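Me: I have a model open and would like to talk through how its parts hold together. Could we go through it one question at a time?

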Amino acid sequence: MFPNGMAYVRWGTGTKTLLFIPGGPGNAAPGAMSMRMLPLFRALVEDGYTAWYVARRRDMPKGHTIADMADDYARLVADELGGKVDLVVGV
């Protein structure tokens with residue numbers, strides 16, 4: 001769990017960064033069902049990426065908009081991922 005309340009799973013240790021933003025309801029830590037997505041990124045991990053599967057922030061206040069969620073991810077990139085990512089994949 002990042003300090004801002006966003007649960008994550010990291011796969012790989014490459015120098016390039018892939019940020020995967022799942023869709024759908026909820027913001028729990030990635031479970032077995034969602035982890036089935038990670039093998040889709042195997043080739044990228046083997047090519048030098050670290051894949052970050054990051055769920056939405058927990059305890060979002062009522063009225064938290066999609067724009068607010070985008071700001072949450074932007075702050076996460078700035079604060080936790082060195083200020084940039086090389087690839088973003090969203091569902």
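Me: Is Lys16 buried, partly exposed or exposed?
Reply: Happy to start there, and do keep in mind that this is a predicted model. Partly exposed covers the range between under 20% and over 50% relative accessible area. Lys16 has a relative accessibility of 27%, so Lys16 counts as partly exposed.

Me: Which residue does Lys16 meet in a salt bridge?
Reply: Lys16 belongs to strand E2, residues 16-21, and its partner to the loop between helix H2 (42-46) and strand E3 (49-57), so the pair ties together parts that are 31 residues apart in sequence. The N to O distance is 3.6 Å, and a salt bridge calls for a distance within 4 Å. The partner of Lys16 is Asp47.

Me: How many salt bridges does the structure hold?
Reply: In general, side chains of opposite charge can pair when their charged atoms come close. One of the pairs in this model is Asp47 with Lys16, and another is Asp72 with Arg57, at 3.8 Å from N to O. The structure's count of salt bridges is four.

Me: What separation in sequence does the pair of Asp72 and Arg57 bridge?
Reply: The side chains of Asp72 and Arg57 meet in a salt bridge. Asp72 sits in helix H3, residues 66-80, while Arg57 is in strand E3, so the pair ties together parts that lie apart in sequence by 15 residues.

Me: Is Asp72 buried or exposed?
Reply: Buried means under 20% relative accessible area. The relative accessibility of Asp72 is 3%, so Asp72 counts as buried.

Me: Which residue of helix H3 forms a salt bridge with Asp72, about one helical turn away?
Reply: The closest N and O atoms of this pair are 3.0 Å apart. The two residues are three apart in helix H3, which means that about one helical turn separates them. The partner is partly exposed, at 45% relative accessibility. Its name is Arg75.

Me: Which residues are linked in a network of salt bridges?
Reply: Asp72 meets Arg57 in one salt bridge and forms another with Arg75. Linked in a network, then, are Arg57, Asp72 and Arg75.

Me: Let's turn to the strands. In which sense do E2 and E3 pair?
Reply: E2 and E3 are joined over five bridges. Within this pairing, Leu19 has Trp52 of E3 as its bridge partner. The sense of the pairing is parallel.

Me: Which residue of E4 stands opposite Leu19?
Reply: E2 also pairs with strand E4, residues 87-90, in the parallel sense, over four bridges. Opposite Leu19 in E4 stands Val88.

Me: What pattern does the protein follow along the sequence?
Reply: The protein has three helices and four strands. Read along the sequence, they follow the pattern β-β-α-α-β-α-β.

Me: Which element gives the most to the largest nonpolar core?
Reply: This core has nine residues: Phe2, Met6, Leu19, Trp52, Val54, Tyr73, Leu76, Val77 and Leu81. E3 and H3 each supply at least two of them. The element that gives the most, with three residues, is H3.

Me: How many residues make up the other core?
Reply: Another core lies apart from the largest one. Among its members are Leu18, Phe20, Val45 and Tyr53. Its residues number seven.

Me: How far apart in space are Val54 and Ala7, C-alpha to C-alpha?
Reply: Val54 lies in strand E3 and is buried, with a relative accessible area of 1%. Residues touching Val54 include Phe2, Met6, Ala7, Leu19 and Tyr73. Although Val54 and Ala7 are 47 residues apart in sequence, their C-alpha atoms are separated in space by 5.9 Å.

Me: Which residues form one aromatic cluster?
Reply: The structure holds five aromatic pairs. The members of one aromatic cluster are Phe2, Tyr8 and Trp52.

Me: One last stop: what is the phi of Asp59 near?
Reply: Asp59 lies in the loop between E3 and H3, and is exposed, with a relative accessible area of 75%. Its phi is positive, in a residue other than glycine. The value is near 55°.

Notes: Residues are numbered from 1 along each chain as its sequence is written. This is a predicted model: local features need pLDDT of at least 70, side-chain atom pairs count only at pLDDT 80 or more; totals for chains, interfaces and linings use all residues. Side-chain values use heavy atoms; hydrogens and water are left out. Buried means under 20% relative accessible area, exposed over 50%, partly exposed in between (1.4 Å probe, protein chains only). Two strands pair if DSSP finds at least two bridges between them. A nonpolar core is a set of buried Ala, Val, Leu, Ile, Met, Phe, Trp, Tyr and Cys residues joined through side-chain atoms within 4.5 Å. Rings of Phe, Tyr and Trp (its six-membered ring) pair if their centres lie within 6.5 Å; planes under 30 degrees apart count as stacked, over 60 as edge-to-face and the rest as tilted. Contact means heavy atoms within 4.5 Å. Lists of a residue's contacts leave out its neighbours within four places in sequence.
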